Amino acid sequence: MRIYLLSGLLALTSSVYAEVTYNVIGFPDSKTNTFAVEINKKLYPLETTEKTFPLWSAKIPEASSSSGYRYLQLNDKGGVVLREKFLRAFKNRKLTATANEFFNRQVTVADVPAIKQVYPSTLPPEGSVAFDNNQIGTIHLTPDPAEFKKMIDNPQKPTDPTVDVKAIKAGFKFINAGNVYDAVEPVKIKVSGHGSRKFEKLSLRIKFDGDDTFYNRPIIKLRSQVFDPTMIRERLYIDLVNSVAVPTYQGSYVRVFVNGKPHGFYLMVEDIEPPFLSTRIHHGRITKEKEMGSLYQMGSHITGLEATMAWNGSKTADYHPEIYENKVLGQNTKEEPMAQFIDFMKVLRDYDPTKPDAIEFWNSHLDLDGFLRSMALEFLTGHWDAYWWKGNNYFMYFNVETKVWQFIPTDFDVTFSDGGRADVDVDYKQFAASRLRRKGKDHPLITKLIYKNKDIAARFEFILKSIANAVFTDKVLEPRITAFKELIKEDVAWDYSIDRSAQPGKNYGWTISDFFTSIDKPVKKTGYSINFGIRQWINKRAGALPK
Ligand SMILES: *[C@@H]1O[C@H](CO)[C@@H](O)[C@H](O)[C@H]1NC(C)=O
């Protein structure tokens, strides 16, 4: 049914009716299905085009923003496939268009309370248009179906590290409440991550082509969060890193569809790349990569190698390229990209922690407070997959403005007791103790600075207490956790309903009940358990801290 109205009539009735545009993001169950909006018991068809899909819209002259409405999916005969059970309403009656709403999801834009800054940050608390905490974006990827299937059916990295997996091309569209981003050139997709590659649900890396960057992010990652039934732990950790004014990637939730089919609910994060350094560290003062300092990405390896920062020789070749990877060349030569960081490790190797003026000394080499704040968070959240415990998941950047190294933490999914490792649920002097005792596995930036130097230890304890008192309490974090829970619960349920059994790999079989439970209590699955709920862990850690 189409409603035609003469514009003259519209003018006459404008005091009662204002033309309203309805916009809904919808992926029909079948190609011939369509969407419609129901206003005062009347149905109005919505339209999409190849260019605007999956956004369905209609300008309805006789509609008014004072009327409630709901969306429906219809079959090709006009029959109702699904009618939203809830009535939608305009919050602001002056509006003449809806936001881009998502079919059958009640919340479009929430009001997630911010966490206060423990330390002042000059950066905007929320990342950008794309990284908005108050809403869930929608991503539609359109790769060649056979190529995509081949990619996700073979998620493991080749055993030969010199063999590079070819990325596949895809169309990319991102839509949130107020924005549509449609990549002009195809994006390049790869499976990403380490441990998560063993799962049915995979993390993905998306690279934009040429000038076609996604709100100044040339690469984004869709992190699967398979270890965390709440999918909130990593998001909350990012908030804490922001609150202590340490730079890290921003993240926000997205639902992902591939060729019109449900693919999953993800945490979208940006990659640590020159645009990140430019905006989040140099505040736009430096934009050209060749003017930036050197950047290294640190990882650990299945062979047991760890990025301990222990000196291992004076040549680049002495360092495993997957453990210490140069990402931005900075002042190094192409032949010796590790040189500048090797110098730093040499300073660390030669450092005698009994020497006086440790804080002055380290301040001239390192953003010491930033590092100590990052370590305080690793300890508070029980993060076993980062520098302190594992020698993993961080970057070191030589800041050319301050002329010191900066620690940049990343990858926060196995936190707040997730993973249940030994040496985590202890006081800070015991944290990772048995790990650090292993021969050749000392993490000297912890042991020499925090354990062995009295002044730095005192500084660390002061920072730890400041963070714990200001934000690491259930009272401060609970409203944000609850707001995230309300924002994402429907999408988490949707993710857990997707059948991925055709995929190789594991599936812990989380359910929506585990989602709710793991916020407050332990959860247990075959082969995996999380010993404390998020809030339980916060209470426990905060309570144990005075000791
Ligand atoms: C340190 O050097 C040894 C011997 O050359 C090498 O096998 C090992 O991979 C190196 N460690 C790291 C972390 O690069």
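**View 1. Glutamine 73 sits in strand S5, residues 69-74.** This is a predicted model, in which local features need pLDDT of at least 70 and side-chain atom pairs count only at pLDDT 80 or more, while totals for chains, interfaces and linings use all residues. Residues are numbered from 1 along each chain as its sequence is written, and side-chain values use heavy atoms, with hydrogens and water left out. Strands (E, at least two residues) and helices (H or I, at least four) are DSSP runs numbered from the N terminus. Glutamine 73 is buried, with a relative accessible area of 2%; here buried means under 20%, exposed over 50%, and partly exposed in between, using a 1.4 Å probe and protein chains only. A polar atom of the glutamine 73 side chain lies 2.8 Å from the backbone nitrogen of aspartate 29. Not counting residues up to four places away in sequence, glutamine 73 also touches, among others, Pro28, Ser30, Phe35, Val81 and Phe103, where contact means heavy atoms within 4.5 Å.

**View 2. Phenylalanine 27 and phenylalanine 53 meet edge-to-face.** Their ring centres are 5.7 Å apart, with 90° between the planes. Rings of Phe, Tyr and Trp (its six-membered ring) pair if their centres lie within 6.5 Å; planes under 30 degrees apart count as stacked, over 60 as edge-to-face and the rest as tilted. Phenylalanine 27 belongs to the loop between strand S1 (20-25) and strand S2 (34-39), and phenylalanine 53 to the loop between strand S3 (42-45) and strand S4 (55-60), so the pair ties together parts 26 residues apart in sequence. Phenylalanine 27 is buried at 9% relative accessible area, whereas phenylalanine 53 is partly exposed at 21%. Look one bond further along: a cis peptide bond, with omega of about 10°, joins phenylalanine 53 to proline 54. Most peptide bonds are trans.

**View 3. Ten aromatic residues join through ring pairs into a cluster, and a core has Phe341 among its best-connected members.** The cluster links Tyr296, Tyr319, Tyr324, Phe341, Phe344, Tyr351, Phe361, Trp362, Phe398 and Trp405. In the whole structure, a search finds 61 aromatic pairs. The largest nonpolar core has 117 residues, and Met309 and Phe341 have the most contacts inside it. Such a core is a set of buried Ala, Val, Leu, Ile, Met, Phe, Trp, Tyr and Cys residues joined through side-chain atoms within 4.5 Å. Leaving aside neighbours within four places in sequence, phenylalanine 341 is in contact with Tyr296, Met298, Met309, Tyr324, Met396 and Trp405. Another core lies apart from it, with 28 residues including Phe131, Ile139, Ile168 and Val254.

**View 4. Two charged side-chain ends sit over phenylalanine rings.** The charged end of lysine 355 is 5.2 Å from the ring centre of phenylalanine 361. For arginine 255, the charged end is 4.0 Å from the ring centre of phenylalanine 102. A charge sits over a ring if NZ of Lys or CZ of Arg is within 6 Å of the ring centre and within 35 degrees of the ring normal.

**View 5. The ligand is surrounded by Leu305, Asn312, Asp318, Tyr319, His320 and Tyr324.** Residues count as near the ligand if one of their heavy atoms lies within 4 Å of it. One oxygen atom of the ligand lies 2.4 Å from a polar side-chain atom of asparagine 312. A polar backbone atom of histidine 320 is 2.7 Å from an oxygen atom of the ligand.

**View 6. Helix H4 (residues 274-281) is largely enclosed by the rest of the structure, because 6 of its 8 residues are buried.** The buried residues are Pro274, Phe276, Leu277, Ser278, Arg280 and Ile281. They pack against helix H3 (233-243), S15, strand S16 (295-298), strand S17 (324-328), strand S18 (394-399) and S19. Histidine 283, which follows H4, has a positive phi near 50°.

**View 7. Aspartate 411 and serine 417 share the topic of the loop between S19 and H9.** Aspartate 411 lies between strand S19 (404-409) and helix H9 (433-436). Its side chain makes a polar contact with the side chain of threonine 410 at 3.0 Å. A polar contact is a pair of N or O atoms within 3.5 Å; within protein, one must be able to donate a hydrogen and the other to accept it, and residues adjacent in sequence count only if both atoms are side-chain atoms. Serine 417 has a positive phi of about 80° although it is not a glycine, and it counts as buried at 5% relative accessibility.
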